[in-house]
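Visitor: Could you take me through this structure step by step, with a reason for each answer?

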There are 2 protein chains.
Amino acid sequence: MYEVEVKVRADHDDVRERLDELGATPVGRVVQEDVYYDAPHREFAETDEALRVRRQRRRARGEGDERAGAADRHDEEVVTYKGPLVEEESKTRREVETGVADAEAAHDVFDALGFDPAATVRKEREYYELDGYTVTLDAVDDLGEFVEVEVEADESDIEAAREGAYAVLDDLGLDPDEQIRTSYLGLLLADEDASE
Amino acid sequence: MYEVEVKVRADHDDVRERLDELGATPVGRVVQEDVYYDAPHREFAETDEALRVRRQRRRARGEGDERAGAADRHDEEVVTYKGPLVEEESKTRREVETGVADAEAAHDVFDALGFDPAATVRKEREYYELDGYTVTLDAVDDLGEFVEVEVEADESDIEAAREGAYAVLDDLGLDPDEQIRTSYLGLLLADEDASE
C-alpha cells in the first residue's frame, strides 16, 4: 500500500466551515512532535530518505488549545523510515514503521549508532473523514496552517487516488494547483537556510 | 546499572539437580530468536558494538519441549544496542533497548538504512533465582548447553558482584575458571569461520 497525499496552505476556520457543510466526520485531534535524524553514512537530503521518531499525544475532541497540557491523554511513540519518492506528483513513498515502548531509548539507540537529530517538527493535527479520504488540518509550529488530503492506495490505483484527493480539495474550496510538495521538515529547513 | 554475567558450558541435567538441592526458585522459560546486524558505516566486530532485534516467546512452566508450539503464550519484541565493553572480565557493557510493536517492521527499518542481518542466535532459556543472582540455563541452537550467572550492579560494585557470581557457579559445581567470555553470537561466527 502507498500513501497518497496532497497538501495546501489554508485557513483552518474556512475549511472547518466547509467540512461541516459537507458532513465530514471529525475523528480526533493529536499533537505530534517529530525528531528527524541525519544518517552517519548517507546524505538523506540527497537520497530523499527520512528517519523519524514521533511522539504523539491524543486529545479529547473539541478541547481548547489553552487546556492542551491538562488534557493530553494518550502517548504513542513510533519509529518511521521513509524511502525515496516513487511517484513525484502525489509525494508517494515507501513507509515502514513500528510503535516503540520508549521513544527516549529509541533515540538513544540511533544516537549510539551515529544518527544525529537534525530537526524537530511540532504540529497539532485535526482529522476528518470525507468521501473515504482523510482530511487533516495541520497547525505547524513556525510554519502556519495547512490542509492535507490523504488516502491509501495500491500501486495501480495511485493516479485515481490522487485525482480523488484533488476533487476533495476542490469541494473544500481549495486549489489543487497550490499543492505544496515539500514536507514540513523541508519547509522548516528551507526557512532556516533563508534566515541564515 | 551494569549487567555483570559469567557463563560456562555445563550439562543442564546436573545443574538442575544442584539448583533443586540449593532451593533455587524457577522463574520461567523463554525462547529467544535474536537477529544481529552489520552496520553500513562501522565494523561492529572492531568497534565491539552490537545491534539486535529480539523476538521472545514465554513458555508455561514445566512445559515439555514437544508442546512448545502449542503453549507459546506471549511475544516480546525488543531492539537493543550494546556498546563496547567497559569492564573486560565480567563482560560489562552499556545497553540501550526498547520494546517494539512489530519486530518485522523494525527489521525493515534497519534493512532500509543499510544494516544487514549478520547472524541469528536461537536459544531456549530457563531462569532461576538463587542468592539474589539470576541463574540461566541456555540451550543454544548449534552450540549446546550453557549456564549464565547474572546480576545488576552499580559501577562501584562490579568487582563484588563478579566475585558473588563466581561463588554461585562454585555452589552449582561449576568452575569459574572455565568462564567463556565470547558471546553466543561470537561463538557461532567462530564456528562458521572454522568450518569455512
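What follows is a conversation about this predicted model, moving from one chain to the pair.

Visitor: In what pattern do the helices and strands of chain A follow one another along the sequence?
Guide: It helps to begin with the inventory, since the secondary structure of chain A comes to 6 helices and 8 strands. Read along the sequence, these elements of chain A give the pattern β-α-β-α-β-α-β-β-α-β-β-β-α-α.

Visitor: Among contacts in chain A between residues at least 6 apart in sequence, what percentage join residues at least 24 apart?
Guide: A contact here means heavy atoms within 4.5 Å, and the count considers pairs of residues in chain A that are at least 6 apart in sequence. Among those contacts, the share joining residues at least 24 apart is 67%.

Visitor: How are chain B and chain A related to each other, and what kind of axis is it?
Guide: In general, two copies of a chain are related by a rotation about an axis and a shift along it. Here chain B is superposed on chain A, with an RMSD of 0.2 Å, by a rotation of 178° and a shift of 0.1 Å along the axis. That is the relation of a two-fold axis.

Visitor: Which residue of chain B comes closest to the rotation axis?
Guide: The distance is taken from the C-alpha, and for the closest residue of chain B it is 2.2 Å. That residue is Val100(B).

Visitor: Which three residues supply 29% of the area that chain B buries against chain A?
Guide: The contact takes 25 residues from chain B and 25 residues from chain A, and the area buried between them is about 1800 Å², with carbon and sulfur atoms giving 72%. Across this interface the rule finds 0 salt bridges. The three residues of chain B that supply 29% of the area it buries, more than any other three, are Thr98(B), Val109(B) and Leu113(B).

Visitor: Which residues have the most contacts inside the largest nonpolar core?
Guide: This core has 36 residues, and the elements that give two or more residues to it include helix H4 (103-112) of chain A and helix H4 (103-112) of chain B. Leaving aside neighbours within four places in sequence, Phe115(A) is in contact with residues of both chains, among them Phe44(A), Phe110(A), Leu113(B) and Phe115(B). The residues with the most contacts inside the core are Phe115(A) and Phe115(B).

Definitions and conventions: Residues numbered from 1 in each chain as written. Chains lettered and ligands numbered in written order. Predicted model: local features only at pLDDT ≥ 70, side-chain atom pairs only at ≥ 80, totals over all residues. Heavy atoms only, no water. Least-squares fit on C-alpha atoms with pLDDT ≥ 70 in both. Helix = DSSP H or I, 4+ residues; strand = E, 2+ residues; numbered from the N terminus. Core = buried A, V, L, I, M, F, W, Y, C linked by side-chain atoms within 4.5 Å. Buried < 20%, exposed > 50% of the residue type's maximum accessible area, 1.4 Å probe, protein only. Buried area = accessible area lost by both parts, 1.4 Å probe. Salt bridge = Lys/Arg side-chain N within 4 Å of Asp/Glu carboxyl O.
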